[in-house]
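Reader: I'm new to reading structures, and I'd love a close look at one part. Could you pick a helix and walk me through its surroundings?

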Amino acid sequence: MVIFQLIYSRLQGASLIGKIVYAVLGLFFLLAVIAVFANLGVNVLSIIIAIVLIVLGLVVTLLVGGLVSAVETVAGAAAGSKRARELQAESPELARMEAERARLSLMSLLFFFGAIVVGIIAFAITGFVGGIIAGIAVMAVYALLISPKRKKLNADFKQVVVLEELRVAFGDVQFDPGRHLSGQEIQGLKFIADADVVRGDDWLEAARNGTRFCRSDLRVFSETITYDDEGDKHVSHTTMFEGYVVRLERSESYPARLMAWTKDFRNVQGAPSDLSRLIGKAEQTLETESDAFNQRFDAFCGDQAAARVILTPQMIDRITRVGEFVRGEFAILFEDRYLYLFVSTPNKNNFEMNVSDRRPIADQRAAIVAQVANLAYIIDTMQAA
């Protein structure tokens, strides 16, 4: 598991060349394993050889891919240090973060190779188990010493860079990276089925052109509890939603509860029947005059007359434009005085700094500017709803 985590961490920050090296090495050892079974069949000997090849492949992939990554990391750290000196007069705080990013990048690289070297030495002296334990011990030290510094740097990035860009777009904004839309609110909407556990971050609240809104990243899980034959409790979680939620507020309530989602939204969440379970007996499928909307969305409301008041041609156009803009799956809920947009962005964190990324902070800032602009577009498009 540790080896897989090491490879994954290096892939996250790898350049195109680095990823190609990892892919070629992985493919080579995969073909070697296939060749073993093709020639020897499935038996004890072929399984042992395959296991040895897999372990050897992981180690070689780490070493060779790591060497490529090392060269790129050192070059990136040197560039970061140079950029930090250039930023000193312009922005001492950004200069400090850039220098810290470069230092942490080098420290991560040292621990990466340290885990491999120590693991190999321990393997040669004590055997396979000793090598694994030694590698885990090095990574435990990394977790204790470096991980907190990486988290602090990301927190500083949010308070300096992200907050500044949010203020440029929205003026007076409340931004709390550790907060999110409450689990009580999400569960009370009864919109995401089995929302047993709600986590998230990057909560912000502001007004734009007179419309109050809030937004936060969310990860919603269903929780399953089982007991084995010995009575031991086991808890497992299934992701029901991962992305961000925007809530727009208006002065008057909508005449009815109306919900709509892109037809593939359920599949993105990995549970095709989840949202359909939310449709009550009184809620009926809506067909609008827009073929483009009908082809992209499923919509439901218990009051057809009220639905026509909500889904005006102008509203349908706004929802369709937002759907084209986000280029992914999303759902929308009209409830009381609020309009909720659930935008699915699996495996993607917004408003984050990637310390493993070799791009300087200035380039990562450009990504934040784009994310803020995307949020502003969604609000501008939907705020007249």
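Author: Let's take helix H11 in this predicted model, and begin with its buried residues: Met315, Ile316, Arg318, Ile319, Thr320, Val322, Gly323 and Val326. What do the buried residues of H11 pack against? Their partners are three helices and three strands, namely H9 (291–296), H10 (304–310) and H12 (361–382), together with E7 (297–301), E8 (330–335) and E9 (338–344).

Now for the helix itself. H11 covers residues 313–326, which makes 14 residues. From its first C-alpha to its last it reaches 20 Å, close to the 20 Å expected at 1.5 Å a residue. Just after H11 comes Arg327, with a positive phi of about 55°.

Two of the strands that H11 packs against, E7 and E8, lead us to another strand, E5. E5 and E7 pair in the antiparallel sense over five bridges, and in this pairing Thr262 stands opposite Phe297 in E7. E5 also runs antiparallel to E8, joined to it by four bridges; here Trp261 stands opposite Ala331 in E8.

Is E5 itself mostly covered or mostly open? Strand E5, residues 258–262, is mostly covered, with five of its five residues buried. You can follow this on both faces: Leu258, Ala260 and Thr262 lie on one side, Met259 and Trp261 lie on the other, and all are buried.

Let's return to H11's neighbours and follow helix H12, one of the elements that the buried residues of H11 pack against. Asp380 forms a salt bridge with Arg208, and the closest N and O atoms are 2.6 Å apart. This pair links distant parts of the chain, since Asp380 is in H12 and Arg208 is in strand E2 (residues 197–208), 172 residues apart. How covered are the two partners? Asp380 has 32% relative accessibility, so it counts as partly exposed. Arg208 is at 19%, so it counts as buried, because the cut-off for buried is under 20%.

That salt bridge has company: a search of the whole structure finds 16 of them. Another one joins the side chains of Asp156 and Arg96, at 3.0 Å from N to O. It too links distant parts of the chain, with Asp156 in helix H6 (residues 147–170) and Arg96 in helix H4 (residues 92–126), 60 residues apart. Asp156 is buried, with a relative accessible area of 16%, whereas Arg96 counts as partly exposed at 36%. Together with Lys152, these two residues are linked in a network of salt bridges.

Technical notes:
Residues are numbered from 1 along each chain as its sequence is written. This is a predicted model: local features need pLDDT of at least 70, side-chain atom pairs count only at pLDDT 80 or more; totals for chains, interfaces and linings use all residues. Side-chain values use heavy atoms; hydrogens and water are left out. The expected span of a helix is 1.5 Å times one less than its number of residues. Buried means under 20% relative accessible area, exposed over 50%, partly exposed in between (1.4 Å probe, protein chains only). Contact means heavy atoms within 4.5 Å. Two strands pair if DSSP finds at least two bridges between them. A salt bridge is a side-chain nitrogen of Lys or Arg within 4 Å of a carboxyl oxygen of Asp or Glu.
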